[in-house]
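The exercises that follow ask you to read burial, contacts and helix geometry from a model. Work through each task with the coordinates open before turning to its solution.

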Amino acid sequence: MKLTGRQRHPGTEDERYPLPKLVVYGTQHILTMYGGVIAPPLIVGGAAGLSGADMALLVTAGLFVSGVATLLQTIGIGCIGSRLPIVQGISFASVSTMVTIAHSGGLREVYGAIIVAGLIGLVLSSFFAKLVRLFPAVVTGTIITAIGLSLLPVAFQWAMGNDPRQPGYGSMGNIGFAGLTLLIILVLSRVFQGAISRLSILIGLVLGTAAAALAGKADFGAVAHTKVVALPQFLPSGAPTFEIGAIVSMTIVILVIMTETTADILAIGEIVGTTVDSGRVADGLRADMAATAVAPLFGAFPCSAFAQNVGLVALTGIRSRFAVAAGGAVLLLLGLVPAIGAIVAGIPYPVLGGAGIVLFGSVAASGIRTLARVRFQDNLNMVIVAVSLAAGLIPIAAPTFWDAFPRSFAVVAHSGISVTALVAIVLNLLFNELTIGNRSGASVFTAAADERDGFGDRIDDDIRD
């Protein structure tokens, strides 16, 4: 990947569609990530002991700020915004830290820490973007694969019902609705071509929700008790407070978010087939951090790129940033019109889970496709991929693995995507960039692979004979 500073490379991300198609394609993006946007406010609000009405304000604020951040990322203002089809939303990476701060200092302390950490991230964006040269295909492919693999448990959790405390969690009925939604998407993708195939996720969500509603498993009762229009409040919890410990913890989280956003920007560049240089990454990070720093003023939390929507771009082939910008406008509208948000919130989690299996799996498949371009002969690239993926999957396979470590370390270690990125970058530097002492054919893993390939060739010869 050549780094030449900020350049504009018009490509498929600049494709324009008629307005009706933009709205439909954009809405499909929002339906895909809606559950992920509303979950952090509900978790943090519960930890802070907020009332139901205040929790609703948190959700509305999250939708509004996510919409503004998405528009900023896709359309851009000057040197802010990557101008790529990236959906911005409230980050899950910050949830555990915010819960800890909220328990001790309340939401005002949470907001103060986010503002300072967001401004620090904004200042660091240009420097952080210079690290793009550390992301060759062996690194980006591994990170993209890890993103997909780390998201799949979310889809399975949704398919089971999302909340273990709720009756029916993990039931055959819930998993059945997830399977039905997945089947609908697969049939539409296989049988139909063109617009219907591209909208398979949206149609699958609609039909899956309709089936769940007929079975009495979809609840839209909250719509009747929701205000039609509600403008976002300025500093709804009062003036933020600033505590050094909270700021340090949140700054660590912000660095994790910047790592994940960098990976997503590179991933979407691979999928779209456009040039992503250090300048473009810096522009994307500035949009990320600017939205994060402003979010607390409206009662929202840190923003980041949503990896599941990277999968939607790969799956549908709709790479236009203007389609995603339309989705940002829909998000903003949902933040202003809670009644519409209540309707979307009625989509059952099992239905979302069925769609998530396809979406998140396609992210992993995109990573594997990138890794297919990597040369694994006579080098240690196989070791880089193996160790990086193993380290990134620790939080999924053994969630308590890092619990005994200092919290400042555990905050980073519990993010599988960040661990994968860090390990892959370091190993790539040691094995590929630092060439002192390298010898031809030194890798036992490469030798083993070559021997297997030779064995396979002999088998093929035997079969032909």
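**Exercise 1.** Find the residues that T292 is in contact with, leaving aside its neighbours within four places in sequence, and decide whether T292 is buried or exposed.

*Solution.* Begin with the contact list, where contact means heavy atoms within 4.5 Å: outside its neighbours within four places in sequence, T292 touches I114, G118, I254, P302 and C303. Next, place the residue in the secondary structure: T292 belongs to helix 9 (residues 278–294), where helices (H or I, at least four residues) and strands (E, at least two) are DSSP runs, numbered from the N terminus. Finally, T292 has a relative accessible area of 0% and is therefore buried, given that buried means under 20% relative accessible area, exposed over 50% and partly exposed in between (1.4 Å probe, protein chains only).

Two conventions hold throughout. The model is predicted, local features need pLDDT of at least 70, side-chain atom pairs count only at pLDDT 80 or more, and totals for chains, interfaces and linings use all residues. Residues are numbered from 1 along each chain as its sequence is written, and side-chain values use heavy atoms, with hydrogens and water left out.

**Exercise 2.** Determine how far V95 is from P302, C-alpha to C-alpha, and do likewise for A424 and G392.

*Solution.* For V95 and P302, which are 207 residues apart along the chain, the C-alpha atoms are separated by 9.3 Å. V95 sits in helix 3 (residues 95–129) and, at 10% relative accessibility, counts as buried. For A424 and G392, a sequence separation of 32 residues goes with a C-alpha distance of 9.8 Å. A424 lies in helix 17 (residues 416–433) and is buried, its relative accessible area being 0%; leaving aside its neighbours within four places in sequence, it is in contact with V139, I384 and S388.

**Exercise 3.** Work out how the axes of helix 8 cross those of helix 4 and helix 10, and list the residues that meet.

*Solution.* Axes are lines fitted to C-alpha atoms, for helices over the stretch in contact, and angles run from 0 to 180 degrees between N-to-C directions. The axes of helix 4 (residues 137–160) and helix 8 (residues 244–272) come within 10 Å and cross at roughly 105°, and the two helices are therefore roughly perpendicular to each other; angles under 35 degrees count as roughly parallel, over 145 as roughly antiparallel, 65 to 115 as roughly perpendicular and the rest as oblique. Helix 4 contributes T140, I143, I144 and I147, which meet A263, D264, L266, A267 and E270 in helix 8. By class, this contact holds 6 nonpolar, 1 polar and 2 charged residues, where Ala, Val, Leu, Ile, Met, Phe, Trp, Tyr, Cys and Pro count as nonpolar, Asp, Glu, Lys and Arg as charged, and the others, Gly among them, as polar.

With helix 10 (residues 307–316), the axis of helix 8 again comes within 10 Å, but here the crossing is roughly 0°, so that helix 8 and helix 10 are roughly parallel to each other. D264, A267, I268 and I271 of helix 8 form this contact with A307, V310, V313 and A314 of helix 10, giving 7 nonpolar, no polar and 1 charged residues.

**Exercise 4.** Check the span of helix 11 and of helix 7 against the value expected from the number of residues.

*Solution.* The expected span is 1.5 Å times one less than the number of residues in the helix. Helix 11 (residues 321–336) has 16 residues and should therefore span 22 Å, which agrees with the 23 Å between its end C-alpha atoms. This helix is mostly covered, with 12 of its 16 residues buried, among them F322, V324, V330, L331 and L334. Helix 7 (residues 200–214), with 15 residues, should span 21 Å, and its end C-alpha atoms are 21 Å apart, which agrees. Its buried residues include I201, L202, L205 and A212, and the helix is followed by G216, which has a positive phi near 75°.

**Exercise 5.** What is the phi of R83, and what is the phi of L235?

*Solution.* R83 is not a glycine, yet its phi is positive, about 60°; R83 lies in the loop between helix 2 (52–74) and strand 1 (88–90), and at 16% relative accessibility it counts as buried. L235, likewise a residue other than glycine, has a positive phi near 50°; L235 is in the loop between helix 7 and helix 8 and, at 24% relative accessibility, counts as partly exposed.
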